[in-house]
Amino acid sequence: MSRPQPTSRNDYPVFVPIQTRWMDNDVYGHVNNVTYYSYFDTAVNHYLIQRGVLDFTSGSTIGLVVETGCQYFASVSFPDALEAGLRVAHIGRSSVRYEVGIFKVGDTETRAAGHFVHVYVDKETRRPASIPADFLAALEPLLKVGV
């Protein structure tokens with residue numbers, strides 16, 4: 001099995017700014033691995049809220065994370081300014097696989113690259129629900145092409 005390689009800035013169609021925080025650093029002086037998952041969730045949800053399709057207070061459909069993973073290539077630490085590159089690798093009937101690349105501002109390759117899968121469910125019953133048309137339209141610019 002070959003070792004994973006960083007991905008390029010050009011592989012991501014949309015970027016969301018993320019500012020590291022003092023508390024993100026661990027005792028080793030870099031952002032702790034678990035914090036990257038928070039960055040992923042923050043970036044995707046920020047994008048969906050900005051597109052007007054995620055309303056976690058009164059919306060009827062929410063996304064639950066059912067799978068996640070991350071590979072680390074180079075460290076970041078506070079006070080680094082970061083950018084999360086977003087793309088969508090797969091859209092199913094009720095699920096989406098998001099891929100997120102973490103870059104320091106100005107980097108051409110990812111410091112970390114990860115993914116997570118949202119299964120969209122009815123907010124009340126927590127049963128899988130078809131992805132609404134407005135969500136699908138918001139996801140279209142993120143579709144991974146030719147990568």
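1. In this predicted model, helix α1 covers residues 33-50, and its 18 residues reach 27 Å from the first C-alpha to the last, which is close to the 26 Å expected at 1.5 Å a residue.

2. The two ends of α1 can be described separately. At the N-terminal end Asn 32 acts as a cap, with a side-chain oxygen that lies 3.1 Å from the backbone nitrogen of Val 34, while after the helix comes Gly 52, whose phi is positive and near 80 degrees.

3. Along α1 the buried residues are Thr 35, Tyr 36, Tyr 39, Phe 40, Ala 43, Val 44, Tyr 47 and Leu 48. The spacing in that list can be read against the helical repeat: an α-helix has 3.6 residues a turn, so residues three or four places apart point the same way. The cover over the buried residues of α1 includes the strands β1 (14-19), β2 (61-72), β3, β4 and β5, together with helix α2 (133-139).

4. The strands form an open sheet of five, in the order β1-β3-β4-β5-β2 and with antiparallel pairing. Its edge strands are β1 and β2, each of which pairs on one side only. On average, and with direction ignored, neighbouring strands of this sheet are turned by 30 degrees against each other. Helix α1 packs on the sheet and touches β1, β2, β3, β4 and β5, its direction making about 55 degrees with that of β5.

5. Starting from the β1 edge, β1 and β3 pair in the antiparallel sense over six bridges, and within this part of the sheet Gln 19 stands opposite Ala 81 in β3. Strand β3 (residues 81-91) is in turn joined to β4 by nine bridges, again antiparallel, and these two strands form a hairpin with three residues between them.

6. On its other side, β4 is joined by eight bridges to strand β5 (residues 112-122), and the two run antiparallel. Glu 99 of β4 gives a convenient reference point across these pairings, since Arg 87 stands opposite Glu 99 in β4, and Glu 99 stands opposite His 115 in β5.

7. Why can strand β4 be called largely enclosed by the rest of the structure? Eight of the ten residues of β4 (residues 95-104) are buried, and the strand is therefore largely enclosed by the rest of the structure. For reading the individual positions of a strand, it helps to recall that in a regular strand the side chains alternate between the two faces of the sheet.

Note on methods:
Residues are numbered from 1 along each chain as its sequence is written. This is a predicted model: local features need pLDDT of at least 70, side-chain atom pairs count only at pLDDT 80 or more; totals for chains, interfaces and linings use all residues. Side-chain values use heavy atoms; hydrogens and water are left out. Buried means under 20% relative accessible area, exposed over 50%, partly exposed in between (1.4 Å probe, protein chains only). Helices (H or I, at least four residues) and strands (E, at least two) are DSSP runs, numbered from the N terminus. Two strands pair if DSSP finds at least two bridges between them. The expected span of a helix is 1.5 Å times one less than its number of residues. Contact means heavy atoms within 4.5 Å. A polar contact is a pair of N or O atoms within 3.5 Å; within protein, one must be able to donate a hydrogen and the other to accept it, and residues adjacent in sequence count only if both atoms are side-chain atoms. Axes are lines fitted to C-alpha atoms, for helices over the stretch in contact, and angles run from 0 to 180 degrees between N-to-C directions.
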